[in-house]
Every structure is written in C-alpha cells, then in structure tokens.
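Me: I am new to this structure and should like the terms used for it to be justified one by one. Please set each value against its definition before you conclude.

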Amino acid sequence: QVQLAESGGGSAQAGGSLNLTCVASGSRSTGCVGWFRQAPGKEREGVAAIRTGTDRIYYADAVKGRFTISQDNAKNTVSLQMNNLQSGDTAIYYCAATTPVLESVCSSFAARRDKFTYWGQGTQVTVSS
C-alpha cells in the first residue's frame, strides 16, 4: 500500500503562486506520480505527472509554462509549484500514484486515470480575480 498526503492548498489572487506538496509513505513502489484537479461540476482532470525516480515530466496544456512538478526522492515528496494562477485553476487538487507501470501510462497520464491506484484526500486551491 501507498499512502499519499497533500498539503499547501489555500487562497491566492490571480497572478499569484502556491506550492503543493505530496508526501508518500508505505511499502510499495510507485511508477508514476501525478497531480489531478476537480472543479465543482466538472470531471477530474490531469494536471501534471512525473515518472518516479526520473526527470521525465508531463503537463496538461492548460498549465504548461505556469506549473512545475518536481520530486525529492530522499523525502518521498512530489511538489507542484503553481505560478500565474488564474480563476480557472480553482479546484480540489489530488495527488495520485500508480504501481510500477510502462512509460506510456505516465506520458498519457491525463487519459489513464484508471491506472492511478493510490489517491490522497485532496487540497483546496481557490484563486480570486
């Protein structure tokens, strides 16, 4: 099992920044760690993903150039630095992880939500204009 815990959500003005952190614990190895978000009345969507232990990173088009995902293997954390926030970024943000999987699952993370076995409880991000 893998347990995931997010922190760092909150409120920001449009154009501002927030940093989310996901701490992973447990005995299982992961293949890909991703950030997803769900706004009220909308489906959960992929934001960014990183292949565990590598520098292979993937982003949704909506956040490219504004969000940065990174990992600290020593601390078992994956972070999401969010800059130039917009009102459309308002959502609950979830950290999720797969068991060891093929690279193609991570590179197409937004469409392969079914492969993410482990999920955190989510953290609210609210952006006001």
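Me: What makes a residue a contact of Leu80, once its neighbours within four places in sequence are left aside?
Reply: The model is a predicted one. A contact requires heavy atoms within 4.5 Å. Beyond its sequence neighbours, Leu80 has such contacts with Leu18, Asn19, Leu20, Trp35, Val47, Ala48, Phe67, Thr68, Ile69 and Tyr93.

Me: Why is Leu80 listed with the largest nonpolar core?
Reply: A nonpolar core joins buried residues of certain kinds, Leu among them, through side-chain atoms within 4.5 Å. The largest such core here has 26 residues, and Leu80 is one of those with the most contacts inside it, together with Trp35, Val47, Phe67, Met82 and Tyr93. At least two residues of this core come from each of strands 1 (2-7), 3 (18-26), 4 (32-38), 5 (45-51), 7 (67-72), 8 (77-82), 9 (91-97) and 11 (123-128). Strand 9 gives the most, with four residues. Another core, of eight residues, lies apart from it and includes Cys32, Phe36, Tyr58 and Cys106.

Me: Why is Trp119 called partly exposed?
Reply: Buried means under 20% relative accessible area and exposed means over 50%. Trp119 has a relative accessibility of 26%, which lies between these cut-offs, and therefore counts as partly exposed. Trp119 belongs to strand 10 (residues 118-119).

Me: How do you know which residues Trp119 is in contact with, its neighbours within four places in sequence aside?
Reply: The criterion is again heavy atoms within 4.5 Å. By that criterion the partners of Trp119 are Leu4, Phe36, Arg44, Tyr94, Cys95, Ala96 and Arg113. For Cys95, which is 24 residues away along the chain, the C-alpha atoms of the pair are separated by 5.9 Å.

Me: What pattern does the protein chain follow along its sequence?
Reply: The secondary structure consists of one helix and eleven strands. In order, the pattern reads β-β-β-β-β-β-β-β-β-α-β-β.

Me: Why is the protein chain called as compact as a globular protein of its length?
Reply: The globule rule gives 14 Å for 129 residues, and the radius of gyration of the protein chain is 14 Å, close to that value, so the description applies. The C-alpha atoms fill a box of roughly 40 × 25 × 25 Å along the principal axes.

Me: How many of the residues count as buried?
Reply: With the cut-off at under 20% relative accessible area, 40% of the 129 residues are buried.

Definitions and conventions: Residues are numbered from 1 along each chain as its sequence is written. This is a predicted model: local features need pLDDT of at least 70, side-chain atom pairs count only at pLDDT 80 or more; totals for chains, interfaces and linings use all residues. Side-chain values use heavy atoms; hydrogens and water are left out. Buried means under 20% relative accessible area, exposed over 50%, partly exposed in between (1.4 Å probe, protein chains only). The radius of gyration is taken over C-alpha atoms; the globule rule is 2.2 Å times the number of residues to the power 0.38.
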